[in-house]
Amino acid sequence: MTTKAKAAIIGPGNIGTDLLMKCQRSDFIEATWMVGIEDSAGIQRARTLGLQTTTEGVDGLVAGFSADPVDFVFDATSAYVHAENSRKVTALGATMIDLTPAAIGPFCIPPVNLQELLDRGPTQNVNMVTCGGQATIPMVAAVSRVQSVRYAEIVATVASKSVGMGTRDNIDEFTRTTSSAIEKIGGADEGKAIIVINPAEPPLVMRDTIHCLTKEVPNETDIRASIAAMVTEVQRYVPGYRLKNAPIIDGHRVTISVEVEGLGDFLPKYAGNLDIMTAAGLRTAEMMAQRRQSSRSSL
Amino acid sequence: MNFEGRHITLHDMCLRDGMHPKQHQITVDEMVDIAGALDAAGVPLIEVTHGDGLGGASVNYGFPAASDEAYLRAVVERVEHSAISALLLPGIGTVDHLRMAANCGVKTIRVATHCTEANVSRQHINLSRDLGLDTVGFLMMAHMVSEDALVEQALLMESYGANCIYCTDSAGYMLPQDVTDRIALLKKRLKSDTEVGFHGHHNLAMGVANSLAAIAAGANRIDGSAAGLGAGAGNTPLEAMAAVLERMGAVTGIDIFKLADAAEDHVLPIMDEPVRLSRDALVLGYAGAYSSFLLFAKRAQDKYGVPSHEILLEMARRKTVGGQEDLIEEIAIEMAAQTR
């Protein structure tokens, strides 16, 4: 009885292609457009899979939209071009799921605040923060929902091969956007984000350390239970999300470390940092689509 | 070797790299006092920041006794002749920190990346150059790649606007031939007016020897630290370096005796324990691990009962890079669980 919501993907690179592969398994989202700026391998692959493609960028999507409309547009390009993409796409009435660190729309970390975003009503643009944010903010929130966190800091260590030029050209965007989301979504009074890039071969699986400084003495039992519950939530869309330690509790410091292994759809498994972005983006679209469907059927 | 008439810029590290053995607790007053002594000795360039550079204040690396801004303003105010530099590691610090440092009167910005990751430095090098600052690309852990791979990364930094490129031996692992090969190729492939520098650690007691090899191969900026105060077994001892260079005929503009006084009377008294070639430091240099891991490994030893040098060896085995301090506690816990 359900018809899948349609989606376009802007950016046929590694992220866009991985997202496409995840969409193909989705019960709620069907990718119907792949948008690029040249006849790349990613565009060709999408065409082979039967998607509409354009090499005219977002304008190509706009031109073909009335004949072949979509409900969602995933932007897997860069923060530099996202603003224009978003303006053009939202004018058509589609919802933009922003995988760049542009952060025009509200931040979305699915297990933490997606429900709240859905309850707020239709959204034109949601921002998926950063890979480091998706991997760590659920843990910050897991602590801050137990007791006040005065300061939270995350260190994301990622394989060099998993860091694309978009991130490299503007690594400060990563730092700023993640720090801001640690505060706004993670619930810490102050946030800080650090990214370390390691070129070792074979490439290392994404690893994150989350340090929370609590205001009161940490309630170890409640914090552990909250973390375990949150890990389970993240595992619903990223099965390779694993807690690596107890966590460590030392005075007012709670230190959690996690490892994020991807599904290996198109991206290699070590690139859990990219997988968690595409998985979180798709999960957001799926939840929105489900909500729209249920609100339609209840009318 | 004869360096007759060669002009060499010696760059002091004790107020930045020296923050590591001090757990970033050098006070503003101590910094001002030491900077004054270095200035009086004619040290042309002094680096000041958190040990991990601008924005390094963190749970992961340690919170400093004062903010970067407080240190920089106080030291810039104090010195008469010396210029002040600041280090910035993209991924830790941002262009906002860079602007702040420039506003404080910093004249040199050193943008540091792991030796294979230079392309994360574009925005910071661009900005530093646009602000008219002396802009250095600082390629860390340079022992982990060949000279050819290092040069490719150096060319990127040069293309972004760096007017000086450093070969940085963060682990104190290199031997003189390693330095010669890297510096010679940098000199050959970079523009003729791009300066080349070398930053050593004394973990195998090669600081001075390696720096001499660098100069012989064409480097003209050399990092050292008064009394050697720096991570691991410390940096190249600056006063020894200056004395050796003077005997070899090079021009540094430094008064050896005044520098020795600065080291002895101003830097040595602030040391928590002597910076020396300890077993841990030896392992850093022998196995090739990032020098500032040392104290983290010691603290993990105290907490988890695992030998610090074993932790450092494991960090080297896992091919860790600068900034991965957070892995040390995890490794210590794993090792402790295995021995139980």
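These legends describe views of chain A in a predicted model.

**View 1. The whole of chain A, with 10 helices and 12 strands.** The radius of gyration is 19 Å, close to the 19 Å that the globule rule gives for 299 residues, so chain A is as compact as a globular protein of that length. The C-alpha trace spans about 60 × 50 × 30 Å along its principal axes. Of the 299 residues, 58% are buried. Contacts between residues at least 6 apart in sequence include many that reach further: 69% of them join residues at least 24 apart.

**View 2. An open sheet of six strands in chain A.** The strand order is E3-E2-E1-E4-E5-E6, and the pairing is parallel. Strand E3 (52–54) and strand E6 (125–127) stand at the edges. Each has a single partner strand, so one side of each is left without a neighbour in the sheet. From one strand to the next, the twist averages 25 degrees.

**View 3. The pairing of strands E1 and E4 in chain A.** Strand E1 covers residues 5–10, and strand E4 covers residues 72–75. Four bridges join the two strands in the parallel sense. One of the residues to look for is Ile10(A), whose bridge partner in E4(A) is Asp75(A). Strands of a sheet pair through backbone hydrogen bonds, either parallel or antiparallel.

**View 4. Helix H1 of chain A against the sheet strands E1, E2 and E4.** Helix H1 is formed by residues 14–25 and lies across these strands. Strand E2 comprises residues 29–35. The helix runs at about 155 degrees to E2(A). In the strand order, E2 stands between E3 and E1, while E4 follows E1.

Definitions and conventions: Residues numbered from 1 in each chain as written. Chains lettered and ligands numbered in written order. Predicted model: local features only at pLDDT ≥ 70, side-chain atom pairs only at ≥ 80, totals over all residues. Pairing = 2+ DSSP bridges. Axes fitted to C-alpha atoms, helices over the stretch in contact; angles between N-to-C directions. Contact = placed C-beta atoms within 7 Å. Rg over C-alpha atoms; globule rule 2.2 N^0.38 Å. Buried ≥ 20, exposed ≤ 12 C-beta atoms within 10 Å, placed from the backbone.
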